[in-house]
Amino acid sequence: MTESVETSALTPVPGTSGQTGTVVRSTVLKRLLKNPMGSIAIVILMGMAVLAMFADVLAPFDENFANISKTLAAPDPVNILGTDSSGRDVWSRLLFGAQLTLLSSLLCAVVAIVIGLPAGLVAGYYAGRFEALSNWIVSILMSLPGLIVLLTIRAAFGPSVWIAMIAFGVLISPSYFRLTRSAVQSVRNELYVDAARVSGLSDLRIITRHIFSVVRAPIIIQTAAIAGVAIAIQSGLEFLGLGDPAKATWGVMLSEGFKNVYLTPTLLFWPAFAMALTIGALVLLGNALRDALEDGEKIKHRKRTTAAPAPGSAATRAARKTPAAVDAGTEHHLVKVTNLGVGYPQADGSVKKVVDDVSFHVDRGEILGIVGESGSGKSQTAFSILGLLPDNARIVAGSIQFDGNYTVAPGEEHVSQDRLSKLRGRRISYIPQEPMSNLDPAFTIGYQLVTPMVRVLGISKGEATARALKLLTDVGIVNPKRTFDAYPHEVSGGMAQRVLIAGAISCEPDLVIADEPTTALDVTVQAEVLDLIRDLQKRLNIGVILVTHNFGVVADLCDRVVVMQNGRLVEEGPVRGILRNPQETYTRTLLGSMLEGKEPMTMLVSSTSQGAAS
Ligand SMILES: Nc1ncnc2c1ncn2[C@@H]1O[C@H](COP(=O)(O)OP(=O)(O)OP(=O)(O)O)[C@@H](O)[C@H]1O
C-alpha cells in the first residue's frame with residue numbers, strides 16, 4: 001500500500017550502473033492517513049485484523065466451549081458479552097468469527113481478481129477473438145443464478161465456507177472483467193499508448209505501466225466493495241442455516257441470535273454490529289484509497305546492476321542492427337514502399353482502398369515529404385510503415401521494406417507486428433501531431449523519456465537520466481531539469497513537442513516519421529520546431545518522413561517530395577524540381593495554395609465600409 005518513490009539527485013554519474021532517481025517521494029499511506037475517512041477506516045480494519053489475528057490469545061474460551069449451566073446469560077466479568085443458547089461465550093465466538101469471516105471474504109476477492117483482472121486487461125487491450133470469447137464466458141457466468149449455484153455447491157461439497165467463497169469469487173469475477181475491460185478500452189486508443197508502442201515498449205510493459213495505472217483505482221474500490229459483499233453473502237447463507245455449525249462465523253452467530261431474538265436481543269446485535277462496522281470501513285477505505293491514488297505520484301524505480309554498453313557505441317549499434325535475412329536482389333533503401341495498397345472492408349463485402357499503388361523510398365540522411373490534402377492517405381501510408389494501422393485495415397497490395405527486410409512482404413495482409421515491434425522505438429521512431437495527447441498524464445516527462453532508453457539501449461537509469469537532460473537541452477529547452485521533473489500538463493504545447501522530438505531521437509533511430517509535427521503549434525513555434533528537426537536530421541544523419549498538408553513546410557525542409565491525392569501517388573521527385581516545374585495539375589493547385597510570395601489580398605473591411613458609405 002505504501003507506494004514509495006525513490007528520490008535521489010538528478011546528477012547521476014554517467015557510466016555507473018545502479019539505481020538513480022528522479023522525482024518526488026510520496027506515499028499513498030500518507031495521503032490516506034490525512035483523509036479522515038481513510039484514517040477512520042484503517043483504524044477500524046486494523047482493529048478487526050488485530051482482534052482476528054490474536055483471537056487465540058484474546059478469547060477467554062474456545063469458540064465451541066459450552067457451559068450448559070449458563071445459557072443465554074447476561075454480560076458479567078467472565079463472559080463480558082454474555083453467552084448464547086448453548087452457553088458459549090459470545091465475545092470468544094465473535095473473535096474467532098472475525099478470523100474466519102475476514103479471511104474467507106478476502107479469499108473471495110482474490111479469486112475474483114485473479115480471474116477477472118488479467119482477462120479484462122487482455123480483452124480490453126487486444127480486443128478481437130479473446131474479447132469475444134471472454135464476453136461469451138462472462139455472459140454465461142452472469143446468467144447463472146448465484147444463490148442456486150452456491151446451494152448446489154454446498155450440497156455437493158458440504159458446508160465449507162472456503163469452498164463457498166471460492167465459488168462466489170468465480171461468480172463475481174465478471175464484475176472485475178467488465179470494469180477492467182471498459183477502463184482499458186477507454187485508453188487503448190489514446191495517443192500516448194500508441195506513442196509508448198512506437199517508442200519500443202513491449203505490450204506487457206505498456207499494459208503494466210500505462211494501462212494498469214488507469215484500472216488500479218477502480219479495482220481497489222471494487223475490491224473493498226466486493227469484500228463487503230462477500231461478508232454479506234457468506235453471512236446470508238449461514239443465516240439461512242447453510243453454514244457449518246461447528247465453526248464460529250458472524251453469519252452462524254447471526255442465525256443463532258435470530259432464533260433467540262426475543263429472549264436475548266444482544267445475541268443478534270453483536271455479530272450484526274461487527275459486520276456493519278467492517279463493511280462500512282471497507283467502503284470508506286475504498287473511497288479514500290481511490291482519492292489517495294488519484295492524487296499521487298506514481299513512479300517506482302528498480303535497481304539495475306548490469307553494466308551495458310554505452311549508447312552510440314559500436315556494440316550498441318551492432319546489437320540493435322542485427323537484421324533478419326536481407327532479401328536478395330532488392331534495392332537497398334532505408335525504407336522502400338512498393339505498390340502499397342491499404343483498404344478497409346465495408347459492410348457490403350467490398351474493400352474501400354484508402355492507399356492505392358503507392359511506391360517511394362527514403363534513404364538515410366534525407367527528408368522525404370509526403371504532401372496532400374486532408375484524406376489523401378498520407379497518414380495511412382505512414383502508419384503502414386510504423387505498423388500502427390487499425391486492426392480492421394488490410395494491406396491489399398504491395399510491400400514495405402525497412403533496411404532491406406520486409407515488414408510487409410508481398411501477399412501479406414497485415415503489417416508484421418513481430419518484425420515491427422523489434423524496430424519501433426529502436427530504429428524507427430515517431431513524432432506525432434498532437435504533443436499533449438501523446439504524453440501520458442500520469443507520469444513525469446523525465447520518466448517517459450528515461451524508461452524507453454533503459455529498455456531499448458540497455459543503459460542504467462542514471463545514464464538514461466543524464467542523456468534525457470542532454471537531449472532536452474539539445475532540443476532547445478532552457479531549463480531541462482524543471483521540464484524533466486514536470487508532468488505533461490505543466491508544460492506548453494511547443495515544449496511538449498520538443499519533448500517528443502527528444503524522445504524520438506533518444507534511442508538513436510535510423511528513421512523518424514513525423515506526422516504533421518507542427519500542426520498543433522502556433523506559427524512562431526512551428527518555425528522553431530521545423531528548424532530543430534532539420535538540425536537534428538543533419539547532425540544525426542537519419543532518414544525522415546515528414547507527413548504534411550503544407551507545401552511551405554515541404555519547401556522549407558524536405559529533399560524529396562511525394563504528392564498524394566485520393567490515396568494515390570500523383571507526383572514524386574526532388575523538391576526543387578517539383579517547385580520549379582510541377583508536372584501535375586493537382587501539384588500546381590497545392591502549390592498555388594501556398595500564401596508565401598503572393599500579393600496581399602484586398603481587405604474585406606475596406607470594401608464593406610465603402611459599400612456602407614455609398
Ligand atoms: N479506421 C478507418 N476506417 C476507414 N477509413 C479510414 C480509417 N482511417 C482512415 N480512413 C480513411 O482513409 C483515408 C485517408 O486517411 P488519412 O488519415 O491517411 O488521410 P490524411 O491524408 O493523413 O489526412 P489528414 O491530413 O486529415 O490526416 C480517408 O478517407 C479516411 O477517411
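This is a short guided tour of the structure above, stop by stop, with selections to make in your viewer.

Before you click, remember that this is a predicted model: local features need pLDDT of at least 70, side-chain atom pairs count only at pLDDT 80 or more, and totals for chains, interfaces and linings use all residues. Residues are numbered from 1 along each chain as its sequence is written.

**Stop 1: the ligand**

Show the ligand and select its surroundings: Y344, V354, G372, S374, G375, S376, G377, K378, S379, Q380, P390 and H549. Here a residue is near a molecule if its C-beta atom, placed from the backbone, lies within 6 Å of it. Colour the shell by class and you will find three nonpolar, eight polar and one charged residues. In this scheme Ala, Val, Leu, Ile, Met, Phe, Trp, Tyr, Cys and Pro are nonpolar, Asp, Glu, Lys and Arg are charged, and the others, Gly among them, are polar.

Now pick G377, in the loop between β3 (367–371) and α13. Helices (H or I, at least four residues) and strands (E, at least two) are DSSP runs, numbered from the N terminus. G377 is buried, with 23 other C-beta atoms within 10 Å. Buried means that 20 or more other C-beta atoms lie within 10 Å of the residue's own; exposed means 12 or fewer, and partly exposed is in between, with C-beta atoms placed from the backbone. Draw a distance from G377 to V358: their C-alpha atoms are 9.9 Å apart, although 19 residues separate them along the chain.

**Stop 2: helix α13**

Which helix gives the most residues to the shell around the ligand? That is α13 (residues 378–386), with three. Select the whole helix: nine of its nine residues are buried, so α13 is largely enclosed by the rest of the structure. Among them are K378, F383 and L386.

Zoom in on T381, which belongs to α13. T381 has 27 other C-beta atoms within 10 Å and is buried. Its C-alpha lies 8.8 Å from that of G341, a residue 40 positions away in sequence. Just after the helix comes G387, with a positive phi near 75 degrees.

**Stop 3: the largest nonpolar core**

L386 leads on to the next selection. Together with M453, A468, V512, I513 and I545, it touches the most other members of the largest nonpolar core, which has 92 residues. Such a core is a set of buried Ala, Val, Leu, Ile, Met, Phe, Trp, Tyr and Cys residues joined through C-beta atoms within 7 Å. Helix α18 (residues 493–506) supplies the largest share of this core, eight residues. At least three residues come from each of domain 1 (28–60 + 82–295) and domain 2 (335–441 + 487–592), with bounds from an automatic or database domain assignment.

While you are at α18, click A496, which sits in that helix. A496 counts as buried, with 24 C-beta neighbours inside 10 Å. From A496 to S437 the C-alpha distance is 9.7 Å, across 59 residues of chain.

**Stop 4: helix α4 and its neighbours in sequence**

Move to α4 (residues 90–126). At 1.5 Å a residue, its 37 residues should span 54 Å, and the end C-alpha atoms are 53 Å apart, which agrees; the expected span is 1.5 Å times one less than the number of residues. Where is the kink in α4 centred? Select I113, where the helix bends by about 25 degrees. The bend is the angle between axes fitted to the seven residues ending at a residue and the seven starting there. The helix is mostly covered, with 26 of its 37 residues buried. A127 follows α4 and has a positive phi, near 50 degrees.

Step back to L72, in the loop between α3 (55–58) and α4. L72 is not a glycine, yet its phi is positive, near 45 degrees. With 15 other C-beta atoms within 10 Å, L72 is partly exposed.

**Stop 5: two exposed residues and a buried helix**

Select N541 in the loop between α19 (523–540) and β8 (543–548). N541 also has a positive phi without being a glycine, about 55 degrees. Is N541 buried or exposed? It is exposed, with 10 other C-beta atoms within 10 Å.

S139, in helix α5 (residues 128–143), is exposed with 10 other C-beta atoms within 10 Å. The C-alpha atoms of S139 and P174 are 8.3 Å apart, with their positions 35 residues apart along the chain.

Finish at helix α10 (residues 250–259): eight of its 10 residues are buried, so α10 is largely enclosed by the rest of the structure. Those to highlight include W250, M253 and E256.
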